[in-house]
Amino acid sequence: MPRSLVPALMILVLALCSGPAFAFKPALLYDQVGKSDRSFNEAAYRGAEKFSKESGLPYQEFTPTNESQYAQAMQRFAARGYDPIIVVGFSYASVLEQIAPQFPDTRFVIVDMAVDRPNVESVVFKEHEGSFLVGMIAAMKTKTGKIGFVGGMDIPLIRKFALGYKEGARYVNKGITIFENMTGDTPAAWGDPIKAGELARSQFDRGADVVYQAAGSSGLGVLQAAADLHKFSIGTDANQNYLHPGSVLTSMVKRVDLAVFEALRDAEAGTWKPGVRLLGLAEGGVDYSLDRYNEALITPAMRARVDKAKADIISDKIVVTNYFDIMDR
C-alpha cells in the first residue's frame with residue numbers, strides 16, 4: 001500500500017469507529033404568526049440572527065400557514081438532516097411528542113412548553129416573575145387606581161402572565177382594581193389586533209390608565225389603543241418600548257432570543273443537553289425593560305422599589321404564584 005494513502009485510511013477508520021455524530025445544520029420553525037410579530041417570534045429570529053452573525057454559520061427558517069403544516073415541516077427538515085430543529089411556541093408540543101421518536105438522532109428544541117423526550121430540550125420561562133414586576137410598575141404609575149390586562153388565547157400560560165401581574169399590582173396596592181379580558185379561545189386570538197384593541201379601549205373607558213398585554217401580535221392593537229387615547233400600555237415578550245415612545249410604560253421581556261441563541265450555541269459546541277431548562281429572573285430569562293424610550297416614565301423611586309422586589313424574588317423572600325401550580329386544585 002502506498003504510504004501516501006495510510007493517513008487518509010486512518011482518518012476514515014477513526015471516523016467509522018467513532019459512532020454517529022450530529023451534523024450542525026440548524027432550522028428554526030416559527031408559529032403561524034411568523035417572525036414579523038414584533039414579539040415572541042421576532043425575538044426567536046433575533047436570537048438566531050445573533051448566533052449566525054457571531055458564528056458565521058447559516059440556518060434555515062420556516063413559517064407554517066396553518067397547524068397542519070407543523071408535523072409536515074418537522075418531518076421534512078428532520079428527514080433532510082437538519083439538526084438541531086428549534087420550534088417556537090407551545091402549539092408545536094403535541095406534534096413534537098410524536099415526531100421526536102421518529103428521528104432519535106435529531107436534536108429538537110421547543111420554546112415555551114415542556115416535551116419529555118430523550119432528544120428534546122424544552123425551554124420554559126417564569127413569566128409570572130416578570131409579570132409581577134410590571135404589575136408593580138402599573139400600580140405605581142396609575143392615577144385612577146384602575147389597571148387592565150388583555151391576554152391572547154385563553155390558556156393556562158396566559159393566565160400565568162395575568163396572575164403574576166395581579167399579584168405584583170396588589171403588592172403595591174391591595175385595593176387596586178384590575179380588569180382582565182382574553183382575545184379569544186382559539187389560535188386566531190394571537191393575530192387579532194383589532195379585537196385586542198377594542199378590549200383595551202373598553203378597559204380604558206372604565207377608568208384604567210395602564211393596560212398590560214400578553215397577546216402575541218394581537219397585543220399591537222392594545223399598544224395602539226393606549227397611544228391613541230394618551231394612556232399607558234405594557235408590552236410583552238420582546239422589548240416593545242420603541243413602538244410608541246412615551247405611551248409604552250415598559251415591557252415584560254421574555255428572553256426567547258437568549259433561549260434560541262444559547263440552544264444553537266450549545267448544539268454547535270457539542271454541549272447541548274436534552275431536558276427542561278427554566279429561565280426566570282435569576283437566569284436573566286425574564287425582566288422589565290428600561291431604555292431611552294421609557295426611562296422618563298419610570299421614576300428613580302419606582303425603579304428602586306421594583307428592583308428591590310426583583311432581588312427579593314430571586315432570593316425567595318417573595319414567592320410569586322405560578323398559575324400552573326394552582327390550576328388543578
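In the predicted model, the protein chain comprises 11 helices and 12 strands. Along its principal axes, the C-alpha trace extends over about 90 × 40 × 40 Å. The radius of gyration of the protein chain is 22 Å, which agrees with the value near 20 Å that a compact globule of 329 residues would have.

With respect to packing, 51% of the 329 residues in the protein chain are buried. When contacts between residues at least 6 apart in sequence are considered, 68% of them join residues that are at least 24 apart. The largest nonpolar core contains 63 residues, and within this core Phe149 and Tyr165 are the residues that touch the most other members. Tyrosine 165, if residues up to four places away in sequence are not counted, touches Ser131, Phe132, Val134, Gly135 and Ala138, together with Ile147, Gly148 and Phe149, and additionally Ile178, Val210, Tyr212 and Ile234; the two residues named above for the core, Phe149 and Tyr165, are thus also in contact with each other. Apart from the largest core lies another one, of 21 residues, which includes Tyr70, Ala73, Met74 and Ile85.

As regards the surface, the accessible area of the protein chain amounts to about 14900 Å², and carbon and sulfur atoms account for 53% of this area. The charged side chains of the protein chain number 36 positive and 38 negative, and the centres of these two sets are separated by 3 Å.

Methods
Residues numbered from 1 in each chain as written. Predicted model: local features only at pLDDT ≥ 70, side-chain atom pairs only at ≥ 80, totals over all residues. Heavy atoms only, no water. Core = buried A, V, L, I, M, F, W, Y, C linked by side-chain atoms within 4.5 Å. Buried < 20%, exposed > 50% of the residue type's maximum accessible area, 1.4 Å probe, protein only. Contact = heavy atoms within 4.5 Å. Helix = DSSP H or I, 4+ residues; strand = E, 2+ residues; numbered from the N terminus. Rg over C-alpha atoms; globule rule 2.2 N^0.38 Å. Areas by Shrake-Rupley, 256 points an atom, 1.4 Å probe, with all protein chains shown as cover. Lys, Arg positive; Asp, Glu negative; His and termini not counted. Charge placed at Lys NZ, Arg CZ, Asp CG, Glu CD.
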